[in-house]
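Trainee: I have a model open and would like to learn how its descriptions are justified. Could we go through it together?

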Amino acid sequence: MNITDNITALKGIGEKSAALFHKLNIYTIEDLMRHYPRDYESYDMPVGIRMVEKDTLQSIRLSIKKIEGVKKVKNLQILNAIGGDSENTIFLTWFNMPFLRNKLSSGQVIVRGTPFIKNGRLTMEQPEVFTLAEYEKKQGQLLPVYPLTKGLTNNAITKAVKQVIDSGVLKKEYLPIGIRKEYELAEYNYAVSTIHFPKKFEDLVYARKRLVFDEFFFFVLSLRLLKESTEKIRNEFEFSKDTMTNYLLEHLPFQLTKAQKRAFEDVKNNLRSEYVMNRLIQGDVGSGKTIVAALALCLAAENGYQSAMMAPTEVLAKQHYEYFEELRKQYDLDITPILLTGSMTAKQKRMAKERIEMGMANIVIGTHTLFQESVHFDRLALVVTDEQHRFGVRQREMLMEKGNNPHVLVMSATPIPRTLAIIIYGDLDISVIDELPANRIPIKNCVVGTSYRQKAYEFIEKEVRAGHQAYVICPMVEEREGREAENVVDYEEKLKEILPTDIHVECLHGKMKPGAKNDIMERFASNQIQVLVSTTVVEVGVNVPNATVMMVENAELFGLAQLHQLRGRVGRGSAQSYCIFVSGSEKEETKKRLEILNKSNDGFYISSEDLKLRGPGDLFGVRQSGIMEFKIGDIFTDAAILQAAADMAGEICENKEVLEQQEYWELKKCLKRYLDGESTSLSL
Ligand code: ADP
Ligand code: MG
C-alpha cells in the first residue's frame with residue numbers, strides 16, 4: 001500500500017463505500033489522511049442529573065427506574081425509559097433500537113446526549129448508552145469527529161484512518177531538521193497520526209501547528225514562485241480607448257467615492273502598463289466593488305476585447321448579468337453581456353459557447369465552471385473574479401492553455417488586515433476601498449432573544465407597508481432530528497400564517513434547483529416577493545437595495561464574519577436599514593460575541609474583536625471565514641504560523657540553491673507535486 005493509492009486499497013472499502021468517500025472528496029489514502037476531524041469528543045466525568053446543562057452534549061450517570069415496552073408507531077420502534085437518581089428524573093427515548101432494553105435492565109448506566117425540555121420534562125432522545133466499565137475505557141481520550149456524508153459513519157472513517165496509521169505507509173518527513181527546530185514543528189508522521197488520534201489536548205495543538213504550517217508554507221511558496229513567473233508577462237493588449245466608459249462614469253446616478261475612483265485608476269493604469277495586471281480589490285460589503293469591475297469590463301469591450309466575470313454562485317452570476325443588461329439598456333452601451341452557468345440546458349450552453357467563440361458576446365458572466373467547460377474565448381483580455389477565494393494557479397494555467405494571458409482582477413470582501421493580505425495575496429497588487437458611499441445611513445442593529453419574534457414580525461410588516469423588503473435567515477434547510485435550530489421550510493409556512501396574505505413570503509435554499517433559485521431571486525429583486533426566508537445562500541454579493549430588514553434566526557450558530565456578510569445584504573440603498581439578530585442561546589459568551597456586531601458595522605473591527613474573544617485554545621470554534629478555504633489553517637487565528645511559513649517561503653525563494661542540497665530533496669519533491677496539482681490537499 002502506498003499513500004497515493006486509491007482508498008479501495010484499504011480493507012473493508014469496496015467500490016460502494018469508495019463512492020461515499022468520493023462525496024467527501026476523498027479518493028486516495030493521502031486524501032483520507034487529510035480529512036481532518038472537525039472536532040473531538042472527550043468523554044468527561046459523567047455528571048448527576050442535578051448538574052445537567054440543557055442543550056449541551058454531556059454524559060449523565062443514572063439508574064434506570066422504569067423501562068416501557070417497545071411501542072410501534074408507523075415504521076418506528078420507540079423505546080421509552082425513565083432514568084434518575086434520588087431526587088431527579090430524566091425521560092429517555094430511542095428510535096429503532098429495541099435491543100437496548102437488555103443493556104438498560106442492568107440498572108446503572110451512563111447515557112450521553114443532549115438533554116432538552118419536551119412537554120415540560122427533561123428529555124434526551126437517542127443518547128448513547130454505556131455500562132460503567134465501557135465508559136471508563138473511553139474516558140481520558142479525545143476521539144475524532146469527522147465531517148460526514150449520508151451513508152458514511154464516523155466509525156467507518158475512524159476505522160479507515162486507523163488502518164492507514166497502523167500500516168505505517170505515511171509519507172517521509174520532508175522538512176529538514178534545521179527548519180523544524182527553528183519553527184518548533186512536530187515530525188510529520190507524528191503530526192498526522194496525532195491530529196486524528198490525540199492523546200491529550202497539548203499534543204493536538206502541537207500536531208496541528210505542524211500541519212497548519214505545511215499548508216500555509218506550500219501555499220505561500222507556490223504564490224511566490226507564481227509571482228516570479230507572472231510578473232514578467234508582457235501586456236499585449238491595447239487599452240487606449242475610453243470614451244464609452246467615461247460616458248458611463250459621468251452618467252451614473254451617483255459619484256464614485258474617492259476610494260472607488262482610486263481603485264479604478266489603479267486598474268486603468270495596469271491595463272495600460274507594460275505588464276499584465278494581477279490586482280485585488282478589497283472592500284467591505286457594500287463598498288461598491290461591482291461598479292469598479294463593471295467599468296473595467298466596459299473598457300475591455302470598448303477596446304474590442306472579450307472579458308469574463310466569475311461569481312461563486314449562480315444567483316450572483318445571474319444578478320451580475322442582469323446588472324450589465326440594465327447598464328446596456330439604460331445607457332445604450334455598445335456591450336453584449338452573456339450568461340453561462342452550469343444549470344443551463346445543454347442547448348443553451350452550446351449556443352452561449354458559440355456566441356462567445358465567435359466573438360458575438362463580449363462580456364461573459366458565469367460561475368467558475370466557465371473555466372471547466374470547454375469555452376473558447378475570442379480575444380479574452382480581462383478576467384474578474386468576484387467574492388472568490390482567489391484566482392488560483394490552476395485557473396491561471398487553464399487560461400494560459402487557452403492561449404491567453406489576460407489581465408486578472410480579484411474582488412473580495414474578506415476583512416483581513418493588510419499585513420495578512422500581503423502574504424495571502426502575495427502575487428497580487430492591492431487596492432483597498434475603505435469608504436462606503438456617502439448616501440449610506442448606518443444600519444441599526446439589535447440582538448434579541450426569541451421572545452422578541454412577534455415584535456420583529458410586526459416590524460417587518462411595517463417596513464413592507466412602507467414599500468421595503470426583508471430577509472429572514474435560518475441556519476437549516478429542513479427539520480432534522482436532534483437539532484433545535486430553525487429551518488427555512490417550516491419557517492416559511494409559519495410566516496405565511498402570521499403575516500397578512502398580501503405580503504408575499506417565499507423561501508430559498510441550496511437544495512433547490514438552480515432554475516428555481518434564480519426565479520425566486522428575480523422575483524425578490526423585483527419586489528414580487530417581499531419577505532425572503534433563506535439559508536446563507538444569500539450571504540455573498542446579493543444586491544437588492546430595496547431590502548431594509550435582515551433578521552437572522554439562531555444567530556449564535558454563525559461566525560461573526562458570516563453575520564457581517566449577511567448584514568451586508570441590507571443598507572445598500574438610501575433608506576434606513578435594520579438588522580435583528582435573534583439568539584437562541586442564553587450563554588454569556590454568545591451574548592458577548594453578538595454584542596460586537598451590535599456595536600460596529602465595520603468588518604475589520606469585527607474580525608479583530610472576534611479574534612480577541614477566542615483564545616488560542618479555541619481551535620475548532622466557528623470558523624472566521626469560509627472565504628479563504630484552507631483545510632486546517634485559519635488565517636486569523638493562525639496568523640502567527642502564517643507569518644512563520646511566509647518567512648520560510650521567503651528565505652527559500654531568495655536562496656533557491658538550498659533546494660539542491662540533499663536534505664531538501666524530499667521537500668522539493670513535495671513542492672513539485674503540489675505545483676503540478678497532484679496533491680489535492682490544498683485549495684488552490
Ligand atoms: P459590494 O462591494 O458589496 O460588492 P456593490 O458593488 O454590490 O457592493 O454595491 C452596493 C450598492 O451600492 C449597489 O446598489 C450599488 O449600485 C451602490 N453603489 C456603488 N457605488 C456607489 C456610490 N459611489 N454611491 C452610491 N451608491 C453606490
Ligand atoms: Mg459584491
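Trainee: What makes the pair formed by Gln260 and ligand 1 a polar contact?

Mentor: Keep in mind that this is a predicted model. A polar side-chain atom of Gln260 lies 2.8 Å from a nitrogen atom of ligand 1. The cut-off for a pair of N or O atoms is 3.5 Å, so the pair counts as a polar contact.

Trainee: Which polar backbone atom is 3.0 Å from an oxygen atom of ligand 1?

Mentor: That one belongs to Gly288. In the side chain of Lys289, an N or O atom is 2.8 Å from an oxygen atom of the ligand. Both pairs are within 3.5 Å, so they qualify too.

Trainee: How much of ligand 1 does the protein bury?

Mentor: Taken alone, ligand 1 exposes 570 Å², and the protein buries 89% of that. The ligand sits in the second largest pocket.

Trainee: What kinds of residues make up the shell around ligand 1?

Mentor: There are 5 nonpolar, 9 polar and 4 charged residues. Of the 18 around the ligand, Gly286, Lys289, Thr290, Arg440 and Arg572 come nearest.

Trainee: Why is ligand 1 said to lie between domain 3 and domain 4?

Mentor: Domain 3 (270–433) and domain 4 (444–600 + 602–633) both contribute residues to its shell, so ligand 1 lies between them.

Notes: Residues numbered from 1 in each chain as written. Chains lettered and ligands numbered in written order. Predicted model: local features only at pLDDT ≥ 70, side-chain atom pairs only at ≥ 80, totals over all residues. Heavy atoms only, no water. Near = heavy atom within 4 Å. Polar contact = N/O pair within 3.5 Å; in protein donor to acceptor, adjacent residues only side chain to side chain. Areas by Shrake-Rupley, 256 points an atom, 1.4 Å probe, with all protein chains shown as cover. 1 Å grid on protein atoms, 1.4 Å probe; cavity = no way out; pocket = protein on both sides within 12 Å on 5 of 7 lines; lining within 4 Å. Sits in = over half its atoms within 2 Å of the grid points. Nonpolar A, V, L, I, M, F, W, Y, C, P; charged D, E, K, R; others polar. Domains from an automatic or database assignment.
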